[in-house]
Amino acid sequence: MNRLGIGCAENRDGNWICVVDAVHGRTAGSADRAVAVVLWPAPDQQDVPCQGFDRIDEAPDHEVGFPVSVTFPGQTQLRKVRAALTDAAGHPVDVRISSPEQPLNAKLQGASIGLHPLHELRSGRTYTVSLSASVDGTPWKHRWTFTTTK
């Protein structure tokens with residue numbers, strides 16, 4: 001990755017929303033796909049927000065948790081996505097998985113996988129992300145943790 005774009009704005013409720021553009025900063029034709037994959041939150045990241053701002057119909061109280069994303073280079077073919085988010089005790093967190101095969105928003109999906117918690121995450125907790133997919137026909141999997149803000 002050569003660069004990363006970020007923009008922030010205050011919404012009508014007075015909350016701040018930030019967008020990170022990890023797509024346009026990649027080195028074209030990178031032979032090392034592992035370098036080109038962007039995980040967010042990053043592995044072992046601390047102070048991750050508990051609340052997200054996505055609009056998800058399946059969320060019972062519309063107070064969703066901070067989303068997790070994995071973004072691949074633009075032309076990557078993603079299939080057979082399997083994903084889980086668990087708390088420190090190994091209990092599953094209810095999420096809406098967004099992938100090219102089942103996008104939350106087809107116009108914005110691109111070559112990304114999203115895990116959108118259906119409830120706000122708990123503060124000061126460590127969560128584990130487990131993902132697997134067929135990436136351009138090759139099995140891919142990754143597992144990492146992050147910790148929410150206190």
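Student: Why is Asp47 called exposed?

Tutor: In this predicted model, Asp47 has a relative accessible area of 56%, and since exposed means over 50%, the residue is therefore classed as exposed.

Student: Where does Asp47 lie, and what is its phi?

Tutor: Asp47 belongs to strand β4, and its phi is near 60°, a positive value in a residue other than glycine. As a rule, most residues other than glycine have a negative phi.

Student: Why does Asp44 count as exposed, and where is it found?

Tutor: Asp44 is in the loop between β3 and β4, and its relative accessibility of 55% sets it over the 50% cut-off, so it counts as exposed. Its phi is near 65°, again a positive value in a residue other than glycine.

Student: What makes the peptide bond from Trp40 to Pro41 worth a remark?

Tutor: The bond from Trp40 to Pro41 is cis, with omega near -5°, and Pro41 sits in the loop between β3 (38-40) and β4 (45-48). In general, most peptide bonds are trans.

Student: Why is Thr86 called buried?

Tutor: The relative accessible area of Thr86 is 19%, and because buried means under 20%, Thr86 meets the definition and is buried. Thr86 is found in strand β6, and, not counting residues up to four places away in sequence, it touches His91, Pro92, Val93, Thr126, Tyr127 and Thr128.

Student: Which class does Arg82 fall into, buried or exposed, and why?

Tutor: Arg82, which is also found in strand β6, has 63% relative accessibility, which is over 50%, so it counts as exposed. Leaving aside its neighbours within four places in sequence, Arg82 is in contact with Ser130, Leu131 and Ser132; the C-alpha atoms of Arg82 and Ser132 are separated by 5.3 Å, although the two residues are 50 residues apart along the chain.

Student: Why is Cys18 called partly exposed?

Tutor: At 46% relative accessibility, Cys18 is neither under 20% nor over 50%, and therefore it counts as partly exposed. Cys18 lies in strand β2 and, leaving aside neighbours within four places in sequence, is in contact with Gly7 and Cys8. Its C-alpha is 7.0 Å from that of Ile6, a residue twelve positions away in sequence.

Student: What makes Ile17 partly exposed, and which patch does it help to form?

Tutor: Ile17, in strand β2 (residues 16-21), has 33% relative accessibility, a value that falls between the 20% and 50% limits, so it counts as partly exposed. Together with Val19 and Phe53, Ile17 makes a nonpolar surface patch of about 250 Å²; residues must have over 30% relative accessible area to join a patch, so the 33% of Ile17 satisfies that requirement.

Student: Which residues of the largest nonpolar core touch the most other members, and which strands supply it?

Tutor: The core has 25 residues, of which Val70, Phe72, Leu85, Ile113, Leu121, Leu131 and Phe146 touch the most other members. At least two residues of this core come from each of β5 (68-71), β6 (78-86), β8 (112-117), β9 (126-135) and β10 (138-148), and β9 gives the largest share, five residues. Such grouping is a general tendency: in soluble globular proteins, nonpolar side chains tend to be buried together.

Student: Which residues does Leu85 touch?

Tutor: Not counting residues up to four places away in sequence, Leu85 touches residues including His91, Pro92, Val93, Val95, Leu115 and Pro117, and among its other contacts are Leu121, Tyr127, Thr128, Val129 and Phe146.

Student: How do you know where the model should be read with caution?

Tutor: The mean pLDDT of the chain is 86, and 85% of its residues reach 70 or more. Over residues 28-32, however, the pLDDT is below 50, and beyond near neighbours in sequence this stretch has zero contacts in the model. Where pLDDT is low, the predicted coordinates should not be read in detail.

Student: What is the order of elements in the chain, and how many of its residues are buried, as a percentage?

Tutor: The chain has one helix and ten strands, which run β-β-α-β-β-β-β-β-β-β-β from the N terminus on. Buried residues make up 35% of the 150 residues, and 59% of the contacts with a separation of 6 or more are between residues 24 or more positions apart.

Definitions and conventions
Residues numbered from 1 in each chain as written. Predicted model: local features only at pLDDT ≥ 70, side-chain atom pairs only at ≥ 80, totals over all residues. Heavy atoms only, no water. Core = buried A, V, L, I, M, F, W, Y, C linked by side-chain atoms within 4.5 Å. Buried < 20%, exposed > 50% of the residue type's maximum accessible area, 1.4 Å probe, protein only. Helix = DSSP H or I, 4+ residues; strand = E, 2+ residues; numbered from the N terminus. Contact = heavy atoms within 4.5 Å. pLDDT = per-residue confidence, 0-100. Patch = residues over 30% accessible without salt bridge, like charges linked within 9 Å, V, L, I, M, F, W, Y side chains within 5 Å. Areas by Shrake-Rupley, 256 points an atom, 1.4 Å probe, with all protein chains shown as cover. Salt bridge = Lys/Arg side-chain N within 4 Å of Asp/Glu carboxyl O.
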